[in-house]
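Hello,

Here is the structure I promised to pass on to you. Please open it alongside this email, and my notes on what turned up will follow below.

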Amino acid sequence: MDIWDFNLRHLRAAATIGHLGTISAAAQAIHISQPAITQGIAKLETQLAQPLFERRTDGMVATEAGRLFFPRIETALNQIASPRVTMTQIRAMIALASAGSYSGASAVTGLAQPSLHRAVGDLSVALKKSLVERRGKGVALTEQGRRTVRRFRLARSELEAGLSEMTALLGRETGRITIGAMPLSRARILPAAVAAFHRDHADVAINIVEGAFHELIEPLRDGDIDLMIGALRDPTPGPDITQQALFEDRPVVIGRKNHPASKGEPSLEMLSQYPWTIPASGTPLRDGWAKMFDERSIPLPEVPIECGSVITIRQILIKSDFLTLLSPDQVAVELEAGWLTQIAEIPKDFIRNIGMTKRTEWRPTATQAKFITILETISKSD
């Protein structure tokens, strides 16, 4: 099954019973009849193929499955923030936001366009908010719509994590880990961690999304990405984001084979005379690069080409006298092949912290926690 098969009323009833201990107390709290709750819990346990409660004469006590699942349900319901919202409406709203049109959302979900229109319209009425607006042949989210979709995506992420944990209790380790990979992580640490994890957890899907920090941070906040790996930001992007350092990296100056500056030990003044290709301002590498020259009162070199793609930078360097800053790991093959060469080391105070970026409130599943442990172990050993 998937989370769209759940009924939010049944989930709310289960979490409330877990908190209050009896069906009668839950019925009063959420204004649903006891027979309806009893029927809903039975259906939910059938869907999960395991009991959520131990039935006793004095009430109901959560099983191990319930103790795992109920906090996920409560977090999801807090994000949804309305008892009037349905799973169909959540699914329709997320699909519409991702596709940008009702036809696209229909193709993704398999739901008919009239059903999607009705679900989004009913949702807008239920929340008393304007969520979408027409733009030509498509639709765009209003500001309230964007905030609503973010909360729905986070709720979806919690329920998916809960379902994964339920499946693991049955001895079937499944689920998915979605990783945002910034440039440096792709060179060594991430491939090693993924390969090591996959050997023991072959049934867990791993989705790697490549991009720069500014391309990955919003999907992380939306819950579409579980964690990012790469250069950490200073300061931390916000109270909703947590960073954890894994290791330190010192980049070096890289240029083509037989670059004019490769003879001897060039000074920063000499290196400043060549054109550079470097990522845009606001990235740790660019800011550290600028600081390196500024602190020594050396005019900044020209940067005719701003670029964060290692593949593109490699080709630029091979065909010109451009210089760049990269970790040797990022161009290990090119250095070994002799296409590129290390021109110079840089001052020892230039250090990048490489690590994980996560949502502050993110609670990894046991499987996701195993991946993080492997990542931390590899970071310390390399």
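Let me begin with E45. Apart from residues within four places in sequence, its contacts are Q50, P51, L52, F53 and R55. Please keep in mind throughout that this is a predicted model. With R55 there is also a polar contact between the two side chains, at 2.9 Å. E45 sits in helix 3, which covers residues 34-48. Is this glutamate buried or exposed? Its relative accessible area is 12%, and because buried means under 20%, E45 counts as buried.

**The nonpolar cores**

L52, one of the contacts of E45, comes up again here. The largest nonpolar core holds 52 residues, and I37, L52 and F152 have the most contacts inside it. If you centre your view on I37 and set aside residues up to four places away in sequence, you will find it touching A13, I17, I23, A26, A27, I30 and I32. Another core lies apart from the one around I37; it has 24 residues, including I189, I354, L375 and I378.

**F197 and its surroundings**

F197 belongs to helix 9, residues 189-200. Its relative accessible area is 0%, so F197 is buried. Which residues does F197 touch, beyond those up to four places away in sequence? They are I177, V204, I206, T367, K370, F371 and I374. F371 deserves a look: it is 174 residues from F197 in sequence, yet the two C-alpha atoms are 6.1 Å apart in space.

**Helix 7**

Helix 7 runs over residues 113-127, and its length makes a nice check. With 15 residues at 1.5 Å a residue, the expected span is 21 Å, and the end C-alpha atoms are indeed 21 Å apart, so the two agree. The buried residues in this helix are L116, A119, V120, L123, A126 and L127. Looking down the axis of helix 7, you will see that they fall within an arc of 125°, which means that they line one face of the helix. P114 and V125, on the other side of helix 7, are exposed.

What covers the buried residues of helix 7? The cover includes helix 5 (87-99), helix 6 (102-109), strand 3 (132-135) and helix 8 (143-169).

**Backbone points to check**

Most residues other than glycine have a negative phi, and most peptide bonds are trans. A few places here are worth a glance for that reason.

- K128, just after helix 7, has a positive phi of about 55°.
- H31, in the loop between helix 2 (23-30) and helix 3, also has a positive phi, near 60°. At 72% relative accessibility, H31 is exposed.
- A81 is not a glycine either, and its phi is positive at about 65°. It is placed in the loop between helix 4 (64-80) and helix 5, and with a relative accessible area of 54% A81 is exposed.
- The peptide bond from D234 to P235 is cis, its omega being near 5°. P235 is in the loop that connects strand 7 (227-231) and strand 8 (241-249).

**Aromatic pairs**

I kept the rings for the end. There are 6 aromatic pairs in the count. In one of them, W276 and W289, the ring centres are 5.8 Å apart and the planes are at 55°, so this pair is tilted. It links distant parts of the chain, 13 residues apart: W276 is in the loop between helix 11 (268-271) and strand 10 (277-278), and W289 is in helix 12, residues 284-294. Both of these tryptophans are buried.

W276 has a further partner in F293, and that pair is edge-to-face, with 6.1 Å from centre to centre and 85° between the planes. Here too distant parts of the chain are linked, since F293 is in helix 12, 17 residues from W276 in its loop. F293 is buried, as is W276. Taken together, W276, W289 and F293 form a cluster linked by ring pairs.

Happy browsing, and best wishes!

Definitions and conventions. Residues are numbered from 1 along each chain as its sequence is written. This is a predicted model: local features need pLDDT of at least 70, side-chain atom pairs count only at pLDDT 80 or more; totals for chains, interfaces and linings use all residues. Side-chain values use heavy atoms; hydrogens and water are left out. A nonpolar core is a set of buried Ala, Val, Leu, Ile, Met, Phe, Trp, Tyr and Cys residues joined through side-chain atoms within 4.5 Å. Buried means under 20% relative accessible area, exposed over 50%, partly exposed in between (1.4 Å probe, protein chains only). Contact means heavy atoms within 4.5 Å. Helices (H or I, at least four residues) and strands (E, at least two) are DSSP runs, numbered from the N terminus. The expected span of a helix is 1.5 Å times one less than its number of residues. The arc is that of the directions from the helix axis to the C-beta atoms. A polar contact is a pair of N or O atoms within 3.5 Å; within protein, one must be able to donate a hydrogen and the other to accept it, and residues adjacent in sequence count only if both atoms are side-chain atoms. Rings of Phe, Tyr and Trp (its six-membered ring) pair if their centres lie within 6.5 Å; planes under 30 degrees apart count as stacked, over 60 as edge-to-face and the rest as tilted.
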